[in-house]
Amino acid sequence: MAKFVVTPANPAQREAWVGGAYPDVERVRPGLWSVPVPIPINPLRYVLVYVLELPGGVVIIDAGWNTDEAYDALVAGLGVAGYAITDVKGVLVTHIHPDHYGLAGRIRESSGAWIALHPADARLVRERYDDEVIDSLVQRERDLLRRCGVPDLSLDELAGASMRIRHMVSMAKPDRLVEDGDDLDLPGWDLRAIWTPGHSPGHLCFVSPERKVLFSGDHVLAKITPMVAVHPQSPPNPLADYLDSLDAVRKLEVEEVLPAHEYRFLELTERVDSVMAHHDERLAEIEQVVAAAGGVTCWDVATRLTWSRPWETIPSFMRRSANNETLAHLVWLEAKGRVVKEAGEPDLWHLP
């Protein structure tokens, strides 16, 4: 199936993405700015922080990783828009991954801004980012990977893969909880929250019906698809949650999608359909691998799938993501009765 190619809302922003550069700080429309904030050691390169002008200050959507480089870029971008970091009144966090949430605490220290999260992500903050308890999360990841059939020599390395970026998050408990359907009290903005679990349990998008724009976080991106994985903090069937969430935003009447990465684009419905088709193809491929092998581990399935590069060249931390994404698809197939799990250490997957 041919992949649908979206129309960029600003061709220069897309050209920057394709060319490996940073896009400019941009006045998207009256009262709204886009600020690229760099993400170190990551192929995504930057997160797009959106600055919403209010009487007497701004609220931002997402924040970036907690590094000096990211903080300085945000301060500079706010300056282009005519604001200082002390003008930030609030941080609407789409989800608690480090490139979106990591800098929120430092911004609050600098400005007194409130931080808002969905309750499902707020419940995960301490276990994920508190040094006193994070070891238990790593052990739970290790146990999951063992059940997936990850080789013993790789278990410790893969289980602790996220620890290398732990210092890029300033743990900050939210001041506000945002539920599905909440109207955000932002003067001059008709912003409504949409709970879109999948990429994280508490992922939020924000829609402005008046402006006909959707701030999509990582839920819908222009080119790539977000990771949807089973892990110790995920719900039982995150891929089912994600596909349901895609269907929810697909129905929105918007003219422009403002994602957290890559570039802004126009066609929400067509892009959602393309992402859904991608997952249908992946599910079919996984089902074929299980049929051919029989009694196969999740890890072995992952090694036999088509990835963007050969398996042997994929770094260890990305192999963990690939394994856990594969597991999410196997769990979805199991719920539909298309595969069966034989529980054990490791678990084995069969056709019914």
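Is Tyr22 buried, partly exposed or exposed? In this predicted model, Tyr22 is partly exposed, because its relative accessible area is 44%, a value between the cut-offs of 20% and 50%.

Let me place this residue among its aromatic partners. A pair of aromatic rings is described by the distance of the centres and the angle of the planes. The structure holds seven aromatic pairs, and I shall discuss two of them. In one, Trp17 and Tyr46 meet edge-to-face, with 5.9 Å from centre to centre and 85° between the planes. Trp17 belongs to helix H1, residues 11–18, and Tyr46 to strand E3, residues 46–54; the two are 29 residues apart, so that distant parts of the chain are linked. Both Trp17 and Tyr46 are buried, Tyr46 at 0% relative accessibility.

In the other pair, Tyr22 and Tyr46 are tilted, at 50° between the planes and 5.9 Å centre to centre. Tyr22 lies in the loop between H1 and strand E1, whereas Tyr46 is in strand E3, so this pair ties together parts 24 residues apart in sequence. Trp17, Tyr22 and Tyr46 thus make up one aromatic cluster.

Two arginines also deserve mention. Arg106 lies over the face of Tyr71, 4.1 Å from the ring centre, and Arg282 lies over the face of Trp307, at 4.3 Å.

Finally, I turn to a helix pair. The axes of H7, residues 134–147, and H8, residues 152–159, come within 9 Å and cross at roughly 145°. The crossing is right-handed. Contact residues include Val138 and Leu145 of H7, and Leu155 and Asp156 of H8. By class, this contact has five nonpolar, four charged and no polar residues.

Note on methods: Residues numbered from 1 in each chain as written. Predicted model: local features only at pLDDT ≥ 70, side-chain atom pairs only at ≥ 80, totals over all residues. Heavy atoms only, no water. Axes fitted to C-alpha atoms, helices over the stretch in contact; angles between N-to-C directions. Helix = DSSP H or I, 4+ residues; strand = E, 2+ residues; numbered from the N terminus. Left-handed = near helix turned anticlockwise from the far one by under 90°. Contact = heavy atoms within 4.5 Å. Nonpolar A, V, L, I, M, F, W, Y, C, P; charged D, E, K, R; others polar. Phe/Tyr/Trp six-rings, centres within 6.5 Å; stacked < 30°, edge-to-face > 60°. Buried < 20%, exposed > 50% of the residue type's maximum accessible area, 1.4 Å probe, protein only. Lys NZ or Arg CZ within 6 Å of the ring centre and 35° of its normal.
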